[in-house]
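Notebook open, coffee ready. I'm going to look things up in this model one by one and jot down what I find.

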Amino acid sequence: MASGLRHLSFRCTACGNCCKDLRVPLTTADLRRLVDQTGQAAARIIEWLPTGEVDLTGEPGSLVVLEQASQRSLMVLAQRAGACRFLASDASCSVYGARPTSCRLYPFDAAYGRRGGVRRLRLLGGTACAHARDGHNDAHALRDADQRRWAEHSAYLAQISAWNRSQGHRTRLGRPLLGSVEFLSFLGFPREIRAGTDS
């Protein structure tokens, strides 16, 4: 029997606390949606968190080797004034239609059975969420969104793996490691062209 289905009554009240307290990891697909909607350069949308600032227990594959070889880093959504850079003054999301899949699913954490039904559903912590209990979330829609998230995440992990192998090869050849600009280019995001420069 499924446990935690009462959490399907969760309703966001737009308190904005999760957009202030949590850091959002990004995939290539997340970043592509944000770049396409905002027209901003990828480098302006992301930040890099060093290994010591994130807890990726059981998921080290999300960490990228960059030029600071002492530790790997996690690509996350950039912040401004201690909150997500896309959090509007009224605590709404200014990129709601293109928000990362982690944001779309928050705060739900579900496990599914072999037939696709919810086996266990819980709400993630990490922030003071002023939610209400009169919502109507669809378990099937959650499952579909979760499957999309993991498909995008798996594709991104494969890209990171290829990149990190390449960086290891550079190290063995005595070449300097590449940085975040080159990583974004590797993911398919061109370098930002600044007015009056050739680079």
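**Helix α2.** I began by asking which residues of α2 are buried. My list reads T28, D30, L31, R33, L34 and V35. I should keep in mind that this is a predicted model. Next I looked up what those buried residues pack against, and I got α3, β1, β2, α4 (101–105), α5 and α6. A reminder to myself about helices: an α-helix has 3.6 residues a turn, so residues three or four places apart point the same way. Just after α2 I found G39, with a positive phi of about 75°.

**The big core.** Where do L31 and L34 turn up again? Both are among the residues that touch the most other members of the largest nonpolar core, along with L26, V64, M75, L77 and F183. That core has 26 residues. I then checked which elements give two or more residues to this core, and noted α2 (28–38), α3 (42–45), β1 (46–50), β2 (73–77), β4 (83–84), α5 (139–172) and α6 (180–186). My textbook note fits here: in soluble globular proteins, nonpolar side chains tend to be buried together.

I picked M75 for a closer look. What is M75 in contact with, leaving aside neighbours within four places in sequence? The contacts include V24, P25, L26, T27 and L31, and also I46, E47 and W48. Further along the chain, M75 also contacts Y156, F183, L184 and L187. Another core, of nine residues, lies apart from the largest one, and F10, A110, Y112 and L142 are among its members.

**A cavity.** How many cavities of 30 Å³ or more does the structure hold? I found one, and the volume of the largest cavity is about 40 Å³. I wrote down the lining: L105, F108, D109, A110, Y112, L142, D146 and R149. β5 (108–112) and α5 each give two or more residues to that lining, and the largest share, four residues, is from β5. Sorting the lining by type gave me five nonpolar residues, three charged and no polar ones.

**Odd backbone spots.** I looked for a cis peptide bond and found one joining Y106 and P107, with omega at about 5°. P107 sits in the loop between α4 and β5.

Then I went after positive phi values outside glycine. A14 has one, about 60°, and lies in the segment before α1 (18–21). Is A14 buried, partly exposed or exposed? A14 counts as partly exposed, because its relative accessible area is 42%, and the band for that label runs between 20% and 50%. A91 also has a positive phi, near 70°, and I located A91 in the loop between β4 and α4.

**H136.** I found H136 in the loop between β6 (118–123) and α5. H136 has a relative accessible area of 79%, so it goes down as exposed, the cut-off being over 50%. H136 and H7 are 129 residues apart in sequence, yet their C-alpha atoms are 9.5 Å apart in space.

**Whole chain.** Last, I zoomed out. I counted six helices and six strands, in the order α-α-α-β-β-β-β-α-β-β-α-α from the N terminus on. The C-alpha trace spans about 55 × 40 × 30 Å along its principal axes. Of the 199 residues, 37% count as buried. Among contacts with a separation of 6 or more, 70% are between residues 24 or more positions apart.

Key. Residues are numbered from 1 along each chain as its sequence is written. This is a predicted model: local features need pLDDT of at least 70, side-chain atom pairs count only at pLDDT 80 or more; totals for chains, interfaces and linings use all residues. Side-chain values use heavy atoms; hydrogens and water are left out. A nonpolar core is a set of buried Ala, Val, Leu, Ile, Met, Phe, Trp, Tyr and Cys residues joined through side-chain atoms within 4.5 Å. Buried means under 20% relative accessible area, exposed over 50%, partly exposed in between (1.4 Å probe, protein chains only). Contact means heavy atoms within 4.5 Å. On a 1 Å grid over the protein atoms alone, a cavity is a set of points where a 1.4 Å probe fits but cannot get out, and a pocket is an open set with protein on both sides within 12 Å along at least five of seven lines; lining residues have an atom within 4 Å of a point. Grid points are joined across faces, edges and corners, and a volume is the space filled by probe spheres set on the points. Ala, Val, Leu, Ile, Met, Phe, Trp, Tyr, Cys and Pro count as nonpolar, Asp, Glu, Lys and Arg as charged, and the others, Gly among them, as polar.
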